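This briefing concerns a protein model with a bound ligand. Please examine the sequence and the structure shown here before reading the notes.

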Amino acid sequence: MLRDVDFARARHVVQLGVGTGCITRALLKELRPDARLLSVELNPVFVEECREEIVDGRLVLRQGCASELPALLAELGMPEIDYVISSLPFAIMDAAMVDRIIAVSADHLAPDGMFVQYQYSLRQRAALERRFREVYVGFALANIPPAYVYECTL
Ligand SMILES: C[S@@+](CC[C@H](N)C(=O)[O-])C[C@H]1O[C@@H](n2cnc3c(N)ncnc32)[C@H](O)[C@@H]1O
């Protein structure tokens with residue numbers, strides 16, 4: 001997921017779908033000391049657990065829907081985003097909601113920013129290609145189960 005993230009220049013990062021915090025921890029391990037990470041998770045149980053377990057001044061963890069990203073960014077005064085790292089389960093989400101989340105993410109990306117998403121199928125490729133100029137699809141064989149990793153740029 002994070003292979004092509006340039007941590008030297010990543011100052012403002014958004015994570016969508018935190019779950020148990022595996023990717024949150026990996027991000028915080030690599031991010032610059034002056035970076036900010038906004039992590040958004042719908043499930044309040046995961047949010048509570050991660051709040052207890054991951055204590056880091058760079059992290060802002062918010063319970064809510066990824067589609068609320070514009071309001072969250074405004075509230076935090078976060079400018080353009082360098083990377084959006086999404087673990088959202090697009091395959092089982094409402095198509096209109098997937099489109100909305102892709103749109104708000106793209107709207108807030110810096111011109112040289114990147115939206116990264118993993119999925120277990122290629123079904124969401126078309127939705128990503130509608131909004132991003134370039135969609136590169138990689139394959140993480142070592143993941144269990146193996147997963148596609150989409151890297152999308154404007
Ligand atoms: C596949 S899991 C993420 C796994 C995560 N990488 C981990 O380390 O545990 C997907 C997560 O997305 C969250 N989610 C689903 N829909 C969401 C939405 N609309 N906004 C924010 N989070 C959402 C789910 O609650 C779930 O925790």
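The notes below cover the ligand site, the salt bridges and one unusual peptide bond.

The model is predicted. In it, the ligand occupies the largest pocket, and 20 residues surround the ligand. Elsewhere, the structure contains 12 salt bridges, and the peptide bond from Ile144 to Pro145 is cis.

**Ligand surroundings**

- Of the 20 residues around the ligand, those that come nearest are Thr20, Cys22, Glu41, Leu42 and Ala66.
- Sorted by class, this shell consists of 12 nonpolar, 7 polar and 1 charged residues.

**Polar contacts of the ligand**

- The side chain of Glu41 places a polar atom 2.5 Å from an oxygen atom of the ligand.
- Cys22 takes part through its backbone, where a polar atom is 3.1 Å from an oxygen atom of the ligand.
- Ser87 has an N or O atom in its side chain that lies 3.5 Å from a nitrogen atom of the ligand.

**Burial and location of the ligand**

- The ligand taken alone exposes 610 Å², of which the protein buries 79%.
- The pocket that holds the ligand is the largest pocket.
- Two elements give two or more residues to the shell around the ligand, namely the helix α1 (22–30) and the strand β2 (36–41).

**Salt bridges**

- A search of the whole structure yields 12 salt bridges.
- One salt bridge joins the side chains of Arg11 and Asp34, with an N to O distance of 3.4 Å.
- Arg11 belongs to the segment before β1 (12–16) and Asp34 to the loop between α1 and β2, so this pair ties together parts that are 23 residues apart in sequence.

**Backbone geometry**

- The peptide bond that runs from Ile144 to Pro145 is cis, and its omega is near -5 degrees.
- For context, most peptide bonds are trans.
- Pro145 lies in the loop that connects β6 (134–140) and β7 (147–153).

Notes: Residues are numbered from 1 along each chain as its sequence is written. This is a predicted model: local features need pLDDT of at least 70, side-chain atom pairs count only at pLDDT 80 or more; totals for chains, interfaces and linings use all residues. Side-chain values use heavy atoms; hydrogens and water are left out. A residue is near a molecule or strand if one of its heavy atoms lies within 4 Å of it. A polar contact is a pair of N or O atoms within 3.5 Å; within protein, one must be able to donate a hydrogen and the other to accept it, and residues adjacent in sequence count only if both atoms are side-chain atoms. Accessible areas come from the Shrake-Rupley method with a 1.4 Å probe; for residues, only the protein chains shown count as cover. On a 1 Å grid over the protein atoms alone, a cavity is a set of points where a 1.4 Å probe fits but cannot get out, and a pocket is an open set with protein on both sides within 12 Å along at least five of seven lines; lining residues have an atom within 4 Å of a point. A molecule sits in a cavity or pocket if more than half of its atoms lie within 2 Å of its grid points. Helices (H or I, at least four residues) and strands (E, at least two) are DSSP runs, numbered from the N terminus. Ala, Val, Leu, Ile, Met, Phe, Trp, Tyr, Cys and Pro count as nonpolar, Asp, Glu, Lys and Arg as charged, and the others, Gly among them, as polar. A salt bridge is a side-chain nitrogen of Lys or Arg within 4 Å of a carboxyl oxygen of Asp or Glu.
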